[in-house]
Amino acid sequence: MRTNRRPLATTSSTTTVRNLGILAHVDAGKTTITERILFATGTIHKRGEVHDGTTVTDFDAQERDRGITIFAAAVSCTWSGHRVNLIDTPGHVDFSDEVERSLRVLDGAVAVFDAVAGVEPQSESVWRQADRYGVPRIAFVNKLDRAGADLDTAVASIRERLGAVPLVVQLPIGREDGFTGVVDLLRMRALLWRAGSDTYETGPVPEELRAEADLRRRQLEETVAELHADALEEFCATSALSGPTLARALRELTLGGHGVVVLCGSAYRNRGIEPLLDAVLAYLPSPADMPPVRGTADGAEQERAPEPEAPFAALAFKVTATATGRLTYLRVYAGTLRRGESVLDAGTGRTERIGRILRVQADRHEEREEAVAGDIVAVVGLKAVRAGTTLCAPGAPLLLEPPSVADPVVSVAVEARRGTDTGRLASALARLAEEDPSLAVRSDPETGQTVLSGLGELHLEVAVEKIRRGHGVEVVVGRPQVSYRETVVRGVTGLVYRHVKQEGGAGQFAHVVLDVEPLEEGGFAFGSTVTGGRVPQEYVRAVDAGCRDALAEGPLGGYPVTGVRVTLTDGATHSKDSSEMAFRTAGRFALREALRASTVELLEPVVEVTVTVPEEAVGGVLGDLAARRGRVSGSTTQAGTAVVTAAVPLAELFGYASRLRGRTQGRGTFTTRPAAPAPVPPSVTATLLGR
């Protein structure tokens, strides 16, 4: 039987919508899968290729030049009566903030794994990001046509490295170059893709795979029965699970995060895409399946149901500047948004007007009159909205939790090559920071240089190139510098600080007593044990604000301070001269003095590096990592290839790509992902601080 399905007309119900992301390590095949999905659904009529720079979602010139996804791209298509809104996310660690903002607004995700490599470092990182947001996932093991591809090994890595329960619903037919299809273990049928054909044929399970397929189906039923109460009841009664019971249990386990449905295929050869789309509809949630969105209004927590009739609420998760104007990408959680309406920025209280509403197809747009709950759209006309902004109905304010933003770890000094371009450079940098919240721009108070900070070397390279190409400004870039932090190792107790200032008229008076101690989990925590009303609550909050001001510069080298807990234990006020300003000033100077009296050390950003090299080159690679202060945590060898894992200070990795290529005749590769910051050795600290 030949299957050649094409999209059907969709309804407006939120039950027929899927908002999902494609997540994976770089080069696992995310963009190719997205391209094949668009082709299978009839959205495009010619398949593009990443290596040719012709894919729909990698439309930016830098993405095509580098052959990787840099910016999250949204597309929309229809399949079997459903609207699928899909975001192709970057796989490189330097652009993990794009993934974070996408996951904040998605209902589900497809995690893509290389059938040869299995779970890779960035695969694990994006998986943990999805865990934080509770995003249900299914898995697609890609590249089964590659030499060395093995579904069972990839599934084992999902189980061991991610701690997930894989529920494998397909069995490959053929290996490596001979991969031609899969056995559908739910319906016990074969799906075969013939060479040169864009469709698959269904048929009976090949006789040589019948016993294996029966065994895999039995294992799937047993695993599901262990996890699902209704399935267990049926399994105990009949020693098997019916197709409908198994399908329902798989969906409920996926939505609850108790299991991960695993499919397989080869996106490059266009094999396995249609069953993947069916699985998206069958197992991943619609907006109607999601709980009401939670937010705050007037200090109280509120919920808003994902219904078109509810008061409007949406979250802006991406802002881009295009030739046609400023686009703001929204996830509509509740209500209906119409063109020309005014909406409230819940954070600032400012009202803005919606100019146009667009359904986005990467770099192409389709105008719409309205967007309803569950939609992901772009709007034109918003002037001050940033990523993370909540937009809502003016008469029903609601503030949603924004996506978290990673702290920059690498900085470079930038200046315009021509003095006449200084103003244009400042404008370009401001726009970059507006589009990408993980980029930070500041002026160095000592040198007067403009400093651009981001999540890695590649992140900054892309930003600088965007200034050159998009704004026509030639830029001179300094050597990268990492962002150090200072932290408390041993604090002080009972530090007394009295702030008194009298210059005619009302003066300033604040008396505070602070305890300072390390905070192991990092960040900053403030508390008060003052009793008897000796320091009113409004002044306690002012001391908190003052302490946060003091964290900007530490006593060692002026680096930001992290990992400190401050407790206000006592204080005193003056009936006339005390004020919030006085206590904020006292808090700032008191903590500065306390930090100088504490034992403080320097922290540096560290990354986990995974290096893949020929076996004969591993000795030189290990020696080079040791010279870079790397701590090797693992080394494995398979089929003449060695994989070395090490924790290395980020400052030591600048230029490592060129060095690795030189040591391995161009055959070595490496990937990184953030690890916990580590103390800087005393000898390195002395060098950094010029001592």
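**Exercise 1. A network of charged side chains**

Task: In this predicted model, find which residues are linked with E124 and R128 in a network of salt bridges, and then examine the pair R128 and E124 itself.

Solution: Begin with the membership of the network, which consists of E124, R128, D131, R137, R161, E608 and R673, linked by salt bridges. As a general background to this step, side chains of opposite charge can pair when their charged atoms come close. Next, take one link of the network, where the side chains of R128 and E124 meet in a salt bridge with an N to O distance of 3.7 Å; this value satisfies the rule, because a salt bridge requires the nitrogen and the carboxyl oxygen to be within 4 Å. Then place the two residues, and you will see that R128 and E124 both lie in helix α4, which covers residues 121-133, and that they are 4 residues apart, about one turn of the helix. The geometry of helices helps here, since an α-helix has 3.6 residues a turn, so residues three or four places apart point the same way. Finally, compare the accessibility of the partners: R128 is partly exposed at 30% relative accessible area, whereas E124 counts as buried at 12%, because buried means under 20%. Another member of the network, R137, also lies over the face of W127, at 4.4 Å from the ring centre.

**Exercise 2. Two further salt bridges**

Task: Determine how many salt bridges the rule gives for the structure, and decide whether D624 is buried or exposed and where E652 and R629 lie in the chain.

Solution: The count comes to 48 salt bridges. One of them joins D624 and R628, whose closest N and O atoms are 3.2 Å apart. D624 is buried, with a relative accessible area of 5%, and R628 is buried as well, at 10%. Now turn to the salt bridge between E652 and R629, for which the closest N and O atoms are 3.2 Å apart. This pair links distant parts of the chain, for E652 is in the loop between β39 (641-649) and α15 (656-663), while R629 is in the loop between α14 (618-627) and β38 (631-638), and the two are 23 residues apart. As for accessibility, E652 is partly exposed at 25%, and R629 counts as partly exposed at 22%.

**Exercise 3. A covered helix and one of its residues**

Task: Work out how many residues of α3 are buried, and list what E100 touches.

Solution: Start with the helix, which is mostly covered, since 10 of its 10 residues are buried; among them are D97, E98, R101 and R104. E100 lies in this helix, α3, which spans residues 96-105, and E100 is buried with a relative accessible area of 4%. Leaving aside residues up to four places away in sequence, E100 touches Q129, R132, Y133, P403 and S404. With S404 the relation can be described further, because a contact counts as polar when the N or O atoms are within 3.5 Å, and a polar contact of 2.9 Å joins the side chains of E100 and S404.

**Exercise 4. An open sheet**

Task: Establish in what order the 3 strands of the open sheet stand, and which residue in β25 stands opposite G295.

Solution: The order is β14-β13-β25, and the pairing is antiparallel. The edge strands are β14 (300-304) and β25 (399-400), each of which pairs on one side only. Strand β13, residues 293-297, pairs with β25 in the antiparallel sense over 2 bridges. Within β25, the residue opposite G295 is L400.

**Exercise 5. Aromatic rings**

Task: Find how many aromatic pairs the whole structure holds, and explain why the pair Y539 and F583 is described as stacked.

Solution: A search of the whole structure finds 7 aromatic pairs. In the pair Y539 and F583 the ring centres are 4.7 Å apart and the planes stand at 15°, so the pair is stacked, because planes under 30 degrees apart count as stacked. The pair links distant parts of the chain, with Y539 in helix α12 (residues 537-550) and F583 in helix α13 (residues 580-597), 44 residues apart. Y539 is buried at 15% relative accessible area, and F583 counts as buried at 0%. A ring can also have a charge above it, as where the charged end of R331 sits over the ring of Y333, 4.7 Å from its centre.

Definitions and conventions: Residues are numbered from 1 along each chain as its sequence is written. This is a predicted model: local features need pLDDT of at least 70, side-chain atom pairs count only at pLDDT 80 or more; totals for chains, interfaces and linings use all residues. Side-chain values use heavy atoms; hydrogens and water are left out. Buried means under 20% relative accessible area, exposed over 50%, partly exposed in between (1.4 Å probe, protein chains only). A polar contact is a pair of N or O atoms within 3.5 Å; within protein, one must be able to donate a hydrogen and the other to accept it, and residues adjacent in sequence count only if both atoms are side-chain atoms. Contact means heavy atoms within 4.5 Å. Two strands pair if DSSP finds at least two bridges between them. Rings of Phe, Tyr and Trp (its six-membered ring) pair if their centres lie within 6.5 Å; planes under 30 degrees apart count as stacked, over 60 as edge-to-face and the rest as tilted. A charge sits over a ring if NZ of Lys or CZ of Arg is within 6 Å of the ring centre and within 35 degrees of the ring normal.
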